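Trainee: I am new to this structure and would like to go through it with you. Please show it first.

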Amino acid sequence: MIYNITQEDTNTIEVYYQSELIDTIDISVDATYSYEGTYGTFNLEVKDRQYHATDVECPNHDCEKMGWIKEGSTKSIICLPNEIYVIQSNAEEQIEVGE
């Protein structure tokens with residue numbers, strides 16, 4: 001499956017689990033969020049209008065290696081083992097998810 005995602009609001013990020021929107025987060029508010037993924041817990045920290053994956057339960061931690069993502073970036077955080085991905089609402093992206 002391929003999803004084309006286009007949004008316009010720059011102050012929010014969207015969290016998806018198994019291709020379903022599970023949360024919308026205002027990145028102007030500092031906070032930490034936790035989600036249960038397919039493999040384990042996925043933690044997302046928001047601070048100073050940027051965000052990153054932290055303390056994620058997965059075998060490779062590639063999502064954590066993305067580092068901090070700033071407001072306005074088109075970068076996404078994707079945790080394949082947990083089937084969770086995070087995009088900015090201003091991003092226009094094409095995401096392919098295996099069936």
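Trainee: In which order do the four strands of the open sheet stand?

Mentor: This is a predicted model, in which local features need pLDDT of at least 70, side-chain atom pairs count only at pLDDT 80 or more, and totals for chains, interfaces and linings use all residues. Residues are numbered from 1 along each chain as its sequence is written, and side-chain values use heavy atoms, with hydrogens and water left out. Strands (E, at least two residues) and helices (H or I, at least four) are DSSP runs numbered from the N terminus, and two strands pair if DSSP finds at least two bridges between them. The pairing in this open sheet is antiparallel, and the order is 4-5-6-7.

Trainee: Which strands stand at the edges of that sheet?

Mentor: An edge strand here has a single partner strand, so one of its sides is left without a neighbour in the sheet. That applies to strand 4 (31–36) and strand 7.

Trainee: Which residue in strand 7 does Gln50 stand opposite?

Mentor: Strand 6 and strand 7 run antiparallel and are joined by two bridges. Opposite Gln50, in strand 7, stands Lys70.

Trainee: How many helices and strands does the protein chain have?

Mentor: From the N terminus on, the elements run β-β-β-β-β-β-α-β-β-β-β. The secondary structure comes to one helix and ten strands.

Trainee: How many residues of strand 9 are buried?

Mentor: Buried means under 20% relative accessible area, exposed means over 50%, and partly exposed lies in between (1.4 Å probe, protein chains only). On one side of strand 9, Ile84, Val86 and Gln88 are buried, and on the other side Tyr85 and Ile87 are buried, so both faces are covered. Strand 9 (residues 84–88) is largely enclosed by the rest of the structure, because the buried count is five of the five.

Trainee: Which residue in strand 9 is the bridge partner of Tyr16?

Mentor: Strand 2 (residues 12–17) pairs with strand 9 in the antiparallel sense over five bridges. Strand 8 also runs antiparallel to strand 9, with three bridges joining the two, and there Ile78 has Tyr85 as its bridge partner. For Tyr16, the bridge partner in strand 9 is Tyr85.

Trainee: Which residue in the turn between strand 8 and strand 9 has a positive phi?

Mentor: Strand 8 and strand 9 form a hairpin, with four residues between them. The phi in question is about 60°, and the residue is Glu83.

Trainee: With which side chain does the side chain of Thr12 make a polar contact?

Mentor: Thr12 is found in strand 2 and counts as buried at 13% relative accessibility. Not counting residues up to four places away in sequence, Thr12 touches several residues, including Thr24, Ile27 and Gln88, where contact means heavy atoms within 4.5 Å. A polar contact is a pair of N or O atoms within 3.5 Å; within protein, one must be able to donate a hydrogen and the other to accept it, and residues adjacent in sequence count only if both atoms are side-chain atoms. At 2.6 Å, the partner of the Thr12 side chain is Ser89.

Trainee: How many disulfides are there?

Mentor: A disulfide is a pair of cysteine sulfur atoms within 2.5 Å. The cysteine sulfur nearest to Cys58 is that of Cys79, 4.1 Å away, and for Cys63 the nearest is also that of Cys79, at 3.9 Å. Cys58 is buried at 7% relative accessible area, and Cys63 is buried at 2%. The count of disulfides is zero.

Trainee: Which residue forms a salt bridge with Glu71?

Mentor: A salt bridge is a side-chain nitrogen of Lys or Arg within 4 Å of a carboxyl oxygen of Asp or Glu. In this pair the closest N and O atoms are 3.2 Å apart, and the two residues are 22 residues apart in the chain. Glu71 is partly exposed at 30% relative accessible area. Its partner, partly exposed at 35%, is Arg49.

Trainee: In which helix do Lys65 and Asp62 lie?

Mentor: Lys65 forms a salt bridge with Asp62, the closest N and O atoms being 3.6 Å apart. Lys65 is exposed at 64% relative accessible area, whereas Asp62 is partly exposed at 42%. The two are three residues apart, about one turn of the helix, and both lie in helix 1 (residues 62–65).
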